[in-house]
Amino acid sequence: MHVLILGGTTEARRLAATLHPRVRVTSSLAGRVAAPRLPAGEVRIGGFGGPEGMARWIGQHAVDAVIDATHPFAERISFNAAGATATAHVPLLALRRPGWVPVAGDDWREAASLDEAADLVRGLGGRVFLTTGRTGLAAFAGIDDAFFLVRSVDASEPPCPPHMEVLLDRGPFTLEGERELIARHRIDVLVTKDSGAAATAAKLTAAREAGIPVVVVRRPPVPQGVAVAATVEEAAHWVQRSAGACG
């Protein structure tokens, strides 16, 4: 059985390690991170050329099942995968870690998009800890009366906020480290996407302890009709069932 795993997330790497070598696994990485952590099995880097290109690749490489284990906000690749697998007539599973849930003491403001998050920031604070990734900075580029501490894995590209400091770092992050960061930079508002990752959740606790508001960008929905697994174990069981169907 040949399984194509989309995404360079922690869950994608764990799933590849769980399946390999009992199952032939090819992990597809977008190539947006300069030095990605490579998973077990075969690896391809780069885009497919839309759903049609992905469908052709699936057919040419005799893929039996596809697992979309991309970041919860990688909306385009998720919809491309839905279209490609429908064309190629292979099953598709979306592996999505559960989202974050506020607890007592949290001061969260939900936003449907980065643009809406930027609008909320204007009325919340003047020293912003921005952890939405380097590709979404354009939404905040028009805010010229606030300081932004931008944390991302790779360097950001313009357009960017005029007053910002870039911190290149990769999780997991500790609670102690997040507390120190918020205090040292006098952060008064945190902006994040609801990635749901435990490796980056410490900032939410640090923000709660500091009594600062958090703008949380809601994740987009999984394409309609696509089966969803919340854990690597569920995804591995799905692969086993698919293998039985193939056999």
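Here are a few notes on this structure, which is a predicted model.

1. Start with the overall build. The protein has seven helices and twelve strands. Its C-alpha atoms fit a box of roughly 60 × 35 × 30 Å along the principal axes. The radius of gyration is 19 Å, which agrees with the value near 18 Å for a compact globule of 247 residues.

2. Next, inside versus outside. Of the 247 residues, 47% are buried. About 11,700 Å² is exposed, with carbon and sulfur atoms supplying 52% of that area. Looking at contacts with a separation of 6 or more, 62% come from residues 24 or more positions apart.

3. Now have a look at the largest nonpolar core, which has 19 residues. Ile5, Leu15, Leu19, Ile67, Leu95 and Val239 have the most contacts inside it. Two or more residues each come from strand 1 (2–6), helix 1 (10–19), strand 4 (65–68), strand 5 (92–95) and helix 7 (232–246). Helix 7 gives the most, with five residues.

4. Val239 is a handy spot to zoom in on. Leaving out residues up to four places away in sequence, Val239 touches Met1, Val3, Leu19, Val23 and Ile67. Apart from this core lies another one, of 18 residues, including Val121, Leu130, Phe148 and Val217.

5. Finally, is Arg151 buried or exposed? Arg151 sits in strand 8 (residues 147–152), and its relative accessibility is 7%, so it counts as buried, the cut-off being under 20%. Its side chain makes a polar contact of 2.8 Å with the side chain of Glu178. Beyond residues up to four places away in sequence, Arg151 touches several others, among them Phe129, Leu130, Asp169, Phe173 and Lys203.

Definitions and conventions
Residues are numbered from 1 along each chain as its sequence is written. This is a predicted model: local features need pLDDT of at least 70, side-chain atom pairs count only at pLDDT 80 or more; totals for chains, interfaces and linings use all residues. Side-chain values use heavy atoms; hydrogens and water are left out. A nonpolar core is a set of buried Ala, Val, Leu, Ile, Met, Phe, Trp, Tyr and Cys residues joined through side-chain atoms within 4.5 Å. Buried means under 20% relative accessible area, exposed over 50%, partly exposed in between (1.4 Å probe, protein chains only). Helices (H or I, at least four residues) and strands (E, at least two) are DSSP runs, numbered from the N terminus. Contact means heavy atoms within 4.5 Å. A polar contact is a pair of N or O atoms within 3.5 Å; within protein, one must be able to donate a hydrogen and the other to accept it, and residues adjacent in sequence count only if both atoms are side-chain atoms. The radius of gyration is taken over C-alpha atoms; the globule rule is 2.2 Å times the number of residues to the power 0.38. Accessible areas come from the Shrake-Rupley method with a 1.4 Å probe; for residues, only the protein chains shown count as cover.
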